[in-house]
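Reader: Hey, can we go through this structure together? I'd like to take it piece by piece.

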Amino acid sequence: MIGAEVLWNSLLQHGVEVIFGYPGGAVIPVYDVLPSSLRHVLVRHEQAAAMAADGYARATGRLGACIATSGPGALNLLCGLTNAFLDSAPVLAITGQVPTGQLGRDAFQETDIFGATMPLTKHNYLVNRVEDLPRILNEAVYLAQAGRKGPVLVDLPRDVAEAEVPPRVDASPRLPGYKPRRDGHPAQVARAAEALASARKPLLLVGGGVKWAEAAPLAVRLAEKAGLPVASTLMGLGTVPADHPLFLGMIGMHGTVAANRAVQECDVLLALGVRFSDRVTGKREAFATGAQIIHVDVDPAELGKNVPAHIPIVGDVGRVLEGLIPLVPERRRQEWLDEVDSFRSPAGQDGVGASAVRALARVTGDLARRGDLILVTDVGQHQMWVAQHYPFYHPRTLLTSGGLGAMGYGLPAAVGAQIGCPGKRVVLVTGDGSLQINLQELATVRQEDLPIKIVLLDNGSLGMVRQWQEMFFDGNLVAVSLGGPDWVKLAEAYGIKAWRCSDPGELEDGLATLMAEPGPGLLHCRVPAEEKVLPMVPAGEPLARIIVSW
Amino acid sequence: MKRTFSVLVENQPGVLTRVAGLFGRRGFNIQSLAVGVTQDPSLSRMTIVVDGDDRVLEQVQKQLNKLVNVIKVSVLEAPEAIGRELALVRVHAPPAQRTAIMQVVDIFRAKIVDVARRSLVVEITGDEDKVSAMVDLLREFGIMEVVRTGKIAMARGSKESRGGMWHGQSTIRSGRRPRALARLAGGGTGVWEPGECAGAELEG
C-alpha cells in the first residue's frame, strides 16, 4: 500500500465521506487512487474548497476535508483555512508538495506551505517519511476536532505519497504536549455559582463555543433556571431561540440596543465560549465595567486575553454547565428582567435590505423553526441585516464568517452545507460584492445539482465600506461602486434559474417563488446604495456610544 | 518586567519557527532565546527571557502552552532557579595591558581561551549581571567583539531537575572537572555544549 492509499483509507476510517478539492501536478498520484467510496467535490478555486469544508463542518458538526495541489493550489487554501481557524471550525487540509528531494530548491510549484500555514492553522505537518504518515493522519484528524477545534494541514510530498508503506508501523498518536481540559475546576465552578446566586443583574453571553460543545440546550436551561437574560455574539446566534423571552439579541458593533445596554448594566457577566473580539466589546476598557466576569472557554489562552476574567473556567462549555446548573439556585429576578425589557426598542424604519431579510423570515419561518433551514451569509451589510432581523432558533442554522470577515465565504460554505445536509434547505443571503469573490462556484452548484437558494441583495456597491465612508470619512466615497453584471443572465449562463425583483413590494412573492423552485435559484433584489446597517457602535468606541439613526 | 520561561518542546523541525513566529505575531518582546536538546533526544529545552507586563507575560505562557509541540512551560526566576549566560569577548590586548586584563579575568573567574598578538578572547559564564559587569570592565581595554549566548536556566534542587540529573549524567562532557561551588553567586560552571545543559544542575 502506498502513502496516497493510506491517506484515503485513514480518512474513510475516520468517517470522512466528502472531500472538496482541486487536483494538480503534485497530487495526481493521490487522485490516482481516490476510492469511489469517498465523494470528491470538484470546486473551481481552492479557496472555495477550504470554505466548503468549513461550511460542511459548521453545518454538520463533523470534520470537513479539503485537498489542493502544491504551490498555487495550496496558497489558495489559506484564506479559507484562516477563516476556519478564527471561527474554530474543524477542517483537515491535505496539500500536495514537490518530492522531498526537490524541497528547498524552488522547484516548479514549490512553496513553503508548512511555514506559511503555521500561524494560520491549529497545527500542521510536513510529512518527510511515509512511515510517519499513518500516525500524522491520526493526529491531524484528532487535533482538528479536539478541545478548541480548528484547521489542521498535512503537506504531503509527491514521493511520500507514492512510497510503499512498511507493513507494520506505529500509527498511534504521539501528542505529549496536547491535553485539552474538558472538566471545569470544581472550585471555580462553585465560585461561579456563588457569583450568580448573589448577583442582582446577571447576564448570560453565548458565543460560538456553545455550538461547538453541543451545549445549546444546557445554556437555555441555565438561563431559565437562574433567570438570566441572554445576549449572543454573531457566532452564538441560534444557541437560544430568537423568540425566547430571555433573549435580547446580538451584542456588539451591530448589536441590539437591549443587548448592548444590558451588558453595560449587568453586575455579573457569564460568558460561554466567546473570545471577546473587538467587534463584541467595542472599546475594551469601557466594556462591562461594573461586572464580575465569569469566562468559560475550552482554550485557556482566551481567558484574560481581551477582557479580565474574574472567575476563569477552563473546560468544555457543556461539561462546565452540567456541573454549574445544579449549583445555581432557581430565580425569577423580575425586577432585572423588567429593567432589561425596558431597554428593548421598537424596530426602527427598515430599509429595503432589512425588509428583504424580514420577508425571507416570513416566507421561511416554519422551516427555520423546525431547524430545517440553514442560512448562509457572505460578509457585509447583508450579513448584519441577517444577524439583526432573521430569527434563528437552532444552533448550526447560521453559517457566517465571523472572525475573519471573509467576503466570498457564502457561496462555497453553502455548497458545503448543502452537501453535508442534503435534507435541509440551504439559503444564501449575499451581496453583489461578496458573491463576485467566489462567483465561479455557481458552476459547482450546477455540476453537483445542489438546490441552493441565493438571495442577492444588490446595492451596486461595497455597502459596508461605503457606509463607513459616509459615516466616518465625510462621505468621501472611494472605490466602492460596483458596476454589476446582468445577474439574471449570469445565473442562467450557469444553468441556474433566476428572477429579478425591482419593487420592494414584490419581495415576499419573489422569495416565495425562489423557495418553491426545486433546483438551485437566484433572486436578484435591488437595494438602494445609501442604506445603512443600524444600530452601529463606531469601531473602538464604548458600546454606550451606539448610533441608532443616521 | 522580565520573566524567564523554560519551555520543554518536542525536538522536531519547525518548533523553533512556531515559537519565534508566535512571539512576532503577538508582539511579545523577546530578550533572549537559547535552545538545546535535553537528556532525552526527542525533547529540547528553550529558555526564553521575555519583557512585558503581567497580562502579556500570562499570555506568553498560555500561548506557548497552546502550541501542540510544547510539552511544558515553567517560569524560572531567582532565587528558586539558577540562570546562566556565556559570553566570549575579544579584547584589545597589547603586551602592556595583558596583566591588567588577566587580573580582571581572574577576579571574575573567567578564562582566557585564545591568545593572539594584539588580542585575547575571554570566556565568562555567570548570571546576566556578572557577564555584563565583566564586559563593562573589559571595555576600557577596548572590546573588539562580544558574543553572548542568551540565558539558560534551571530550577534548584527540585524533584524534576534531579530526575533530569540522573539521565543527564551520561551526557556530561568528560575531561572537564565541574566546579562544586557553581551554585554560589557568580560562580562559573565551565563550558557546556548547549546539549549538556541538562547536566549543569548535577555540577551544582
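Reader: What percentage of the residues in chain B are buried?

Author: In chain B, 46% of the 204 residues are buried. Buried means under 20% relative accessible area, exposed means over 50%, and partly exposed is in between, using a 1.4 Å probe and protein chains only. A heads-up before we go on: this is a predicted model, where local features need pLDDT of at least 70, side-chain atom pairs count only at pLDDT 80 or more, and totals for chains, interfaces and linings use all residues. Residues are numbered from 1 along each chain as its sequence is written, chains are lettered from A and ligands numbered from 1 in the order in which they are written, and side-chain values use heavy atoms, leaving out hydrogens and water.

Reader: Cool. How many helices and strands does chain B have?

Author: Chain B comes to 6 helices and 9 strands. Those are DSSP runs numbered from the N terminus: helices are H or I with at least four residues, strands are E with at least two.

Reader: And how many residues of chain B are in the contact with chain A?

Author: Chain B puts in 18 residues, and chain A puts in 18 residues too. Contact here means heavy atoms within 4.5 Å. Between them the two chains bury about 1400 Å², with 54% of it on carbon and sulfur atoms. That buried area is the accessible area (1.4 Å probe) that two parts lose on being put together, summed over both.

Reader: Which residues of chain B lose the most area there?

Author: B:Arg18, B:Lys66 and B:Val68, together 42% of what that side buries. B:Lys66 also forms a salt bridge with A:Asp299, with the closest N and O atoms 2.6 Å apart. A salt bridge is a side-chain nitrogen of Lys or Arg within 4 Å of a carboxyl oxygen of Asp or Glu. As for secondary structure, α2(B) gives the most to the side of chain B that touches chain A, with 7 residues.

Reader: Switching to chain A. What domains is it divided into?

Author: Domain 1 (3-162), domain 2 (186-343) and domain 3 (352-526). The bounds come from an automatic or database domain assignment.

Reader: How far apart are the centres of domains 1 and 2 of chain A?

Author: The centres are 36 Å apart, taken over C-alpha atoms. In the contact, 11 residues of domain 1 of chain A meet 6 residues of domain 2. A:Arg58, A:Asp87 and A:Arg148 supply 57% of the area that domain 1 buries against domain 2, more than any other three residues. There are 2 salt bridges between these domains. A:Arg148 also pairs with A:Glu302 in a salt bridge, the closest N and O atoms being 2.8 Å apart.

Reader: What about the inside? Which residues touch the most other members of the largest nonpolar core?

Author: Out of its 73 residues, they are A:Leu270, A:Leu272, A:Ile294, A:Leu321, A:Leu324, A:Tyr390 and A:Val455. A nonpolar core is a set of buried Ala, Val, Leu, Ile, Met, Phe, Trp, Tyr and Cys residues joined through side-chain atoms within 4.5 Å. Helix α15 (residues 352-370) of chain A gives the most to this core, with 9 residues.

Reader: Why does that core lie between domain 2 and domain 3 of chain A?

Author: Because both domains give residues to it. Apart from it lies another core of 52 residues, including A:Phe20, A:Met51, A:Ala68 and A:Ala414.

Reader: Is A:Ala414 in a helix? I mean, which one?

Author: A:Ala414 belongs to α17(A), where it is buried. All 11 of the 11 residues of that helix (residues 410-420) are buried, so α17 is largely enclosed by the rest of the structure.

Reader: Nice. And A:Cys525, buried or exposed?

Author: A:Cys525 counts as buried, at 1% relative accessibility. The residue is in strand β18 (residues 521-526) of chain A. Among the residues that A:Cys525 touches, not counting those up to four places away in sequence, are A:Val455, A:Cys501 and A:Leu507.

Reader: Last one: how many salt bridges are there over all chains?

Author: There are 41. One of the pairs is A:Lys201 with A:Glu339, at 3.3 Å between the closest N and O atoms. That pair links distant parts of the chain, 138 residues apart. A:Lys201 counts as buried at 14% relative accessibility, while A:Glu339 is partly exposed at 24%.
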